[in-house]
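Student: Could you take me through one part of this model up close? I would like to look at a single strand and its surroundings, and then see how that fits with the chain as a whole.

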Amino acid sequence: MNDQRKLIIAIDGPAGVGKSTIASRLARKLGYANLESGAMYRALALKAIECDVSFDDEAALIKLAHDSRILLEPASNGTRVLLDGKDVSQRVRETDVTAGASRVSVHPQVRQWMVARQQELGAGGGVVMEGRDIGTKVFPHADVKIFLDADPVVREQRRLQQHNLRGTAAKATAAELRERDHRDRTRAASPLAPADDATIIDSTSLTEEEVLRRVEELVQQKLAP
């Protein structure tokens, strides 16, 4: 699937819909970089935790962002996240950081700073970038825009299975997922919504392979001479 043209591919959607998996697999097939925008918000949330900065203090978070070096590097198993030169790829997946990233991301100035960094990372093309506002805000002129969605109950179940959660932990994770959905869809800055020209793929009753196949078809159509 390699081609001289290097596309910018945007994959957006809510939490627990499988964006990261699809983006990672697609990028490997194309030989593209896989850039997970959420990892950058997670890195900033981790820095806030380490520096004891409130997730609600926008001015302090912006200063923290300017004083931080957040890098995303393509890796065989997805995206490697570097914060001030330290590999924090595993740490940013932990529950406290995930919850913090959702709160950090509601601030307009934080999003503005992140969007500028993300645009720099993907400017040359040859990237699959996934997040919640890639097709609407980060790369409104992306070559391929996909919005992945699924029934909320199905998304919750997938997330619980992914982390093998039961009982109290499962209830807490499901509640956090619903809360993130609400924050993402109702925030003032770049709320979660499909771009007008995005292809919406409902994965409620689709397997991972079926979703990947549909995405690949869209990419091939764009690459066709």
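Tutor: Happy to: we start with strand β2, move on to two loop residues, and end with the whole chain.

Keep in mind that this is a predicted model. Strand β2 covers residues 33-36. In a regular strand, side chains point in turn to one face of the sheet and then to the other. For β2, one side carries Ala33 and Leu35, while Asn34 and Glu36 belong to the other side. Are these four residues buried or exposed? Each of Ala33, Leu35, Asn34 and Glu36 is buried, and both faces of β2 are thus covered. Buried here stands for a relative accessible area under 20%.

Now look sideways from β2. Its partner is strand β6, residues 127-131, and the two run in the parallel sense, paired over four bridges. To find the register on your screen, start from Ala33, which stands opposite Val127 in β6.

Next, the backbone angles of two aspartates in loops. Asp52 sits in the loop that links α2 (37-50) to α3 (58-66). Its phi is near 55°, which is positive although the residue is not glycine. With a relative accessible area of 73%, Asp52 is exposed. Asp84 belongs to another stretch, the loop between β4 (78-83) and β5 (86-87). Here too phi is positive in a residue other than glycine, with a value near 50°. Asp84 has 32% relative accessibility and therefore counts as partly exposed.

Finally, step back to the whole chain. It contains nine helices and eight strands. Its C-alpha trace spans about 55 × 40 × 35 Å along the principal axes. Why can we call the radius of gyration consistent with a compact globule? Because a compact globule of 225 residues would have a value near 17 Å, and the chain has 17 Å. Of the 225 residues, 51% are buried, and the four residues of β2 are buried as well. As for contacts between residues at least 6 apart in sequence, 72% join residues at least 24 apart.

For the surface, the accessible area comes to about 11,000 Å², with 48% of it belonging to carbon and sulfur atoms. The chain has 33 positive and 33 negative charges, and their mean positions are 2 Å apart.

Notes
Residues are numbered from 1 along each chain as its sequence is written. This is a predicted model: local features need pLDDT of at least 70, side-chain atom pairs count only at pLDDT 80 or more; totals for chains, interfaces and linings use all residues. Side-chain values use heavy atoms; hydrogens and water are left out. The radius of gyration is taken over C-alpha atoms; the globule rule is 2.2 Å times the number of residues to the power 0.38. Buried means under 20% relative accessible area, exposed over 50%, partly exposed in between (1.4 Å probe, protein chains only). Contact means heavy atoms within 4.5 Å. Accessible areas come from the Shrake-Rupley method with a 1.4 Å probe; for residues, only the protein chains shown count as cover. Lys and Arg count as positive and Asp and Glu as negative; His and the chain ends are not counted. The place of a charge is taken as NZ of Lys, CZ of Arg, CG of Asp or CD of Glu. Two strands pair if DSSP finds at least two bridges between them.
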